[in-house]
Amino acid sequence: MKAASSKAHANIALAKYWGKCDEQLNLPVVPSLSLTLDGLWTETTVCFDSILPADTIELNGQIPSDREAARIIQLLDRVRSRSGVAARAQVTSTNNFPTASGLASSASGFAALAAAAARAADLDLNLEDLSRLARRSSASAARSIFGGFVELAAGSVGDDSLCARPLPTTTWDVVMLVVIIDDGRKTISSTEGMMRSATTSPYYDEWVRKAPTWFEQVRDGVLAHNLEQVGHAMELSTFAMHACALCADPAVLYWKPTTLRVFEHIRSQRERADWKAWCTMDAGPHVKVLCSSACAPTVLESLSAMPGVKSIIATHAGPPVRVVP
Ligand code: PMV
């Protein structure tokens, strides 16, 4: 019997990944850049045990769907084939935030699973190797292996070596307010949303052509600690991704009325009250507000009073994945 536990933090993309250039190897078609968050995490224990007849999985105390289980077993199989461990595994995983609702649970989930499974199987993998392993299951998980600001380049077809890399930036005290709009589960997975966008949206090619420009603007802004530049490019990347998805057939629409209300509020307060705050949204209804630490308490108080906002998690740059006792 071999067991290990790990903790990985979720990340939110400031420059979005949307679309794959190689489905088999799960390689992104555009570069992305994210911030790993201290306040949102997954803790996972993997125990390979030769008496188990099959892999058994528990996510937040519940049995996962067949689709979720299959993705987890695929990662376990990769670890088994690299390590020579033949035993089936017991996997238990908990998130401290709502799961599968566009809140980056697959990012922290697969990053934690990769680290715990590799350690339990006695594989000696560095963070780059773990990032590659996590990437095969979820490209955003490749970024959650590292702390702080992290980039993931676009892939090239057939090249399995792609991993995320942390940005060489000194500490930058920005705040991400995660505004929870609705904690129900999302109806369209990000993989399904991307596929549908790629095959049916008339704006997909334009998204792929333009996304690297916003990525560069976000990257330069992070390196220069220029929040205005990062925020502006982040909103452009976000809206282009959602516009592309919205024009898929059938439409991929993740927003709720409150999503738009929060965005409108942030935008008008930026103009009226000089708030240093910008919005981003992923494959779910929640809004993540990137703001200066000086501005964060005012934004938090104001958004908390808004009808339809369930809760807000105020969070900062978080650490890399690690094995825990
Ligand atoms: O890694 P996935 O398959 O969960 O896709 C993540 C997609 C977005 O969250 C919408 C964007 C991103 O870059 O994280």
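## Exercises on a predicted fold

In the protein, 77% of the contacts (heavy atoms within 4.5 Å) with a separation of 6 or more are accounted for by residues 24 or more positions apart. The model is predicted, so local features need pLDDT of at least 70 and side-chain atom pairs count only at pLDDT 80 or more, while totals for chains, interfaces and linings use all residues. Residues are numbered from 1 along each chain as its sequence is written, and side-chain values use heavy atoms, with hydrogens and water left out.

**Exercise 1.** Describe the overall make-up of the protein, and state how its radius of gyration relates to the globule rule.

*Solution.* Begin with the secondary structure, which comes to nine helices and 13 strands; here helices (H or I, at least four residues) and strands (E, at least two) are DSSP runs, numbered from the N terminus. The radius of gyration is 19 Å, close to the 20 Å that the globule rule gives for 325 residues, so the protein is as compact as a globular protein of that length. That radius is taken over C-alpha atoms, and the rule is 2.2 Å times the number of residues to the power 0.38. Next, place the C-alpha atoms in a box along the principal axes, which they fill at roughly 65 × 40 × 35 Å. Finally, turn to burial, where 55% of the 325 residues count as buried, a label that means under 20% relative accessible area, with exposed meaning over 50% and partly exposed in between (1.4 Å probe, protein chains only).

**Exercise 2.** Which strands pair with β4, and in what sense?

*Solution.* Two strands pair if DSSP finds at least two bridges between them. Strand β4 spans residues 32-49, and 13 of its 18 residues are buried. With β1 (residues 2-15), β4 pairs in the antiparallel sense over 12 bridges, and within this pairing Ala 13 stands opposite Ser 34. With β7 (residues 149-152), β4 again pairs in the antiparallel sense, over four bridges, and there the partner of Ser 34 is Val 150. With β6 (residues 88-95), the antiparallel pairing of β4 runs over eight bridges, including one in which Asp 49 stands opposite Arg 88 and another that joins Thr 45 to Thr 92.

**Exercise 3.** Which side chains of β6 point to the buried face, and with which strand does β6 pair in the parallel sense?

*Solution.* Recall that in a regular strand the side chains alternate between the two faces of the sheet. Along β6, Ala 89, Val 91, Ser 93 and Asn 95 point to one face and are buried, whereas Arg 88, Gln 90, Thr 92 and Thr 94 point to the other and are not. The parallel partner is β5 (residues 56-59), which pairs with β6 over four bridges; in this pairing Leu 59 has Ser 93 as its bridge partner.

**Exercise 4.** Decide for Ser 292 and for Thr 187 whether each is buried or exposed, and describe the surroundings of each.

*Solution.* Ser 292 lies in strand β11 (residues 287-292), and because its relative accessibility is 17%, Ser 292 counts as buried. Leaving out residues up to four places away in sequence, Ser 292 touches Leu 227 and Lys 276. Thr 187, by contrast, lies in the loop between β9 (174-180) and α5 (190-200), and because its relative accessibility is 77%, Thr 187 counts as exposed. Thr 187 and Gly 284 are 97 residues apart in sequence, yet 8.7 Å apart in space, C-alpha to C-alpha.
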